[in-house]
Amino acid sequence: MKRYDYLIVGAGLFGAVAARKAADAGKKVLVIDRRPYPGGNIRCERREGINVHLYGAHIFHTSNRAVWDFARRFVEFNHYVNSPIARYGEELYNLPFNMNTFYAMWGVKTPAEAAAMIERQRREAGIAEPRNLEEQAISLVGTDIYRKLVKGYTEKQWGRDATELPAFIIRRLPVRLTFNNNYFNDPLQGIPIGGYNALIDGLLDGIEVRCGEDFFADRARWEACCERIVFTGRIDAYYDYRFGELEYRSLRFEHRTLDLPDFQGNAVVNYTAREVPYTRIIEHKHFEFGTQPRTVITYEYPDAYGPGKEPYYPVNDARNTALCERYKALAAADPKVIFGGRLGEYRYYDMDKVIESALKLEL
Ligand SMILES: Cc1cc2nc3c(=O)[nH]c(=O)nc-3n(C[C@H](O)[C@H](O)[C@H](O)COP(=O)(O)OP(=O)(O)OC[C@H]3O[C@@H](n4cnc5c(N)ncnc54)[C@H](O)[C@@H]3O)c2cc1C
């Protein structure tokens with residue numbers, strides 16, 4: 001007799017929603033995670049009374065009312081609206097690109113003036129068929145925005161010159177001709193009151209969870225204890241990298257506590273110059289309108305992926321896409337396992353899409 005209907009590998013958002021769904025359907029579920037705590041990349045740690053996003057800034061946003069209502073079974077959301085600032089040298093700009101950005105960049109005051117400026121720069125660049133990311137960006141937003149706000153940031157993120165990056169990475173760059181600094185277009189947005197750990201704790205309430213357990217450290221035992229597996233780790237690892245490894249970009253986070261109440265006056269500041277080695281500084285208290293006497297900030301450094309590092313961003317080029325298809329073909333013929341989440345499906349996934357996809361599982 002198998003002791004569990006489902007073994008869920010990974011207590012991140014996908015695993016936790018899948019576990020909740022199975023448990024609600026009366027199934028016997030065990031969740032394991034190799035990290036010492038549940039939550040995956042939305043895990044927070046409390047420092048100075050502030051919820052510190054350990055794996056980068058996380059803002060929940062969605063257009064899907066069912067996903068929003070599902071999450072609100074476990075937490076209420078605050079009214080945080082993401083409005084990042086871009087810093088280029090000593091210059092500050094609002095993001096996403098909107099009338100506030102264009103006013104600071106060119107002094108233009110109306111949508112017509114801004115549109116005309118962008119159009120003029122596009123025309124002057126004279127790029128008919130963009131051959132790389134640089135040409136693609138210039139043909140979308142003109143040279144000034146590209147040079148100050150896109151080039152350095154993108155080159156740091158990918159570790160390559162913009163002229164060596166494929167154009168498809170930025171099929172479009174959002175340009176808004178209104179004075180609206182809300183980064184997202186989704187109507188529903190916020191940060192869980194009590195932090196993301198409260199969401200994960202709610203999802204996993206009453207479910208058996210064992211942290212510090214790596215599936216591969218005792219694979220035979222884990223496979224034997226359950227009827228089926230929901231696997232949210234790397235799909236290539238599950239199949240022992242038999243066709244080769246999928247590529248990733250990594251990140252490195254440096255958290256610092258400062259003895260001052262406010263460091264930058266905003267949750268997210270992007271550093272867009274290439275000479276600055278980090279891409280963003282996050283000041284966590286601003287996600288929850290904190291008034292603590294001290295503050296915690298995080299420097300986010302892009303990093304090459306390698307052994308011992310966390311695989312954050314899939315590199316969705318032709319080689320990796322083809323490789324992933326081969327692993328997915330193995331998975332489709334494997335009745336024991338269901339793959340889900342950012343590593344199981346090898347895709348960048350926002351949190352709402354993760355919830356949506358886990359809720360569709362037939363468990
Ligand atoms: C820097 C950054 C910022 C982001 N910001 C946002 C944002 O603002 N808004 C938004 O909607 N989304 C954001 N996201 C996306 C968000 O992080 C993901 O949607 C979500 O965390 C994915 O959940 P998951 O369960 O698929 O993966 P994960 O959170 O990675 O969970 C997978 C879990 O599986 C475990 N695991 C893996 N292998 C094994 C194994 N062999 N044995 C046991 N356990 C294993 C891991 O330890 C991990 O806990 C961001 C992502 C990044 C990288």
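Is Glu-48 buried, partly exposed or exposed? In this predicted model, Glu-48 comes out as partly exposed, because its relative accessibility is 35% and the partly exposed class runs between the 20% and 50% cut-offs. Glu-48 sits in the loop that links β3 (44-47) to β4 (50-53). Its backbone is a bit unusual too: phi is positive, at about 55°, even though Glu-48 is not a glycine. For context, most residues other than glycine have a negative phi.

Asp-240 makes a handy companion case. Asp-240 is also not a glycine, yet has a positive phi of about 55°. This residue is found in the loop between α9 (235-238) and β11 (248-258). Asp-240 counts as exposed, because its relative accessible area is 62% and the exposed class starts over 50%.

Zooming out, the chain holds 12 helices and 16 strands. Its radius of gyration is 22 Å, close to the 21 Å that the globule rule gives for 363 residues, so the chain is as compact as a globular protein of that length. The C-alpha trace spans about 70 × 50 × 35 Å along its principal axes. Of the 363 residues, 53% are buried. As for contacts with a separation of 6 or more, 72% come from residues 24 or more positions apart. The accessible surface adds up to about 16800 Å², with 49% of it belonging to carbon and sulfur atoms. On the charge side, there are 50 positive and 49 negative side chains, and the centres of these two sets lie 1 Å apart.

Now for the strands. An open sheet of 7 strands, with mixed pairing, follows the order β7-β6-β12-β13-β14-β11-β15. Its edges are β7 (91-94) and β15 (313-314); each has a single partner strand, so one side of each is left without a neighbour in the sheet. Strand β7 runs antiparallel to β6 (residues 85-88), and 4 bridges join the two. Within that pair, Ile-85 has Asn-94 of β7 as its bridge partner. Just past β7, a cis peptide bond joins Leu-95 and Pro-96, with omega at about -10°. Pro-96 belongs to the loop between β7 and α3 (99-106). By way of background, most peptide bonds are trans.

Another set of pairings centres on β10 (residues 226-231). Strand β1 (residues 4-9) runs parallel to β10 and is joined to it by 5 bridges, with Tyr-4 standing opposite Cys-226. Strand β10 also pairs with β16 (residues 337-339), again in the parallel sense, over 3 bridges. There, Ile-229 stands opposite Val-337 of β16.

Note on methods. Residues numbered from 1 in each chain as written. Predicted model: local features only at pLDDT ≥ 70, side-chain atom pairs only at ≥ 80, totals over all residues. Heavy atoms only, no water. Pairing = 2+ DSSP bridges. Rg over C-alpha atoms; globule rule 2.2 N^0.38 Å. Buried < 20%, exposed > 50% of the residue type's maximum accessible area, 1.4 Å probe, protein only. Contact = heavy atoms within 4.5 Å. Areas by Shrake-Rupley, 256 points an atom, 1.4 Å probe, with all protein chains shown as cover. Lys, Arg positive; Asp, Glu negative; His and termini not counted. Charge placed at Lys NZ, Arg CZ, Asp CG, Glu CD.
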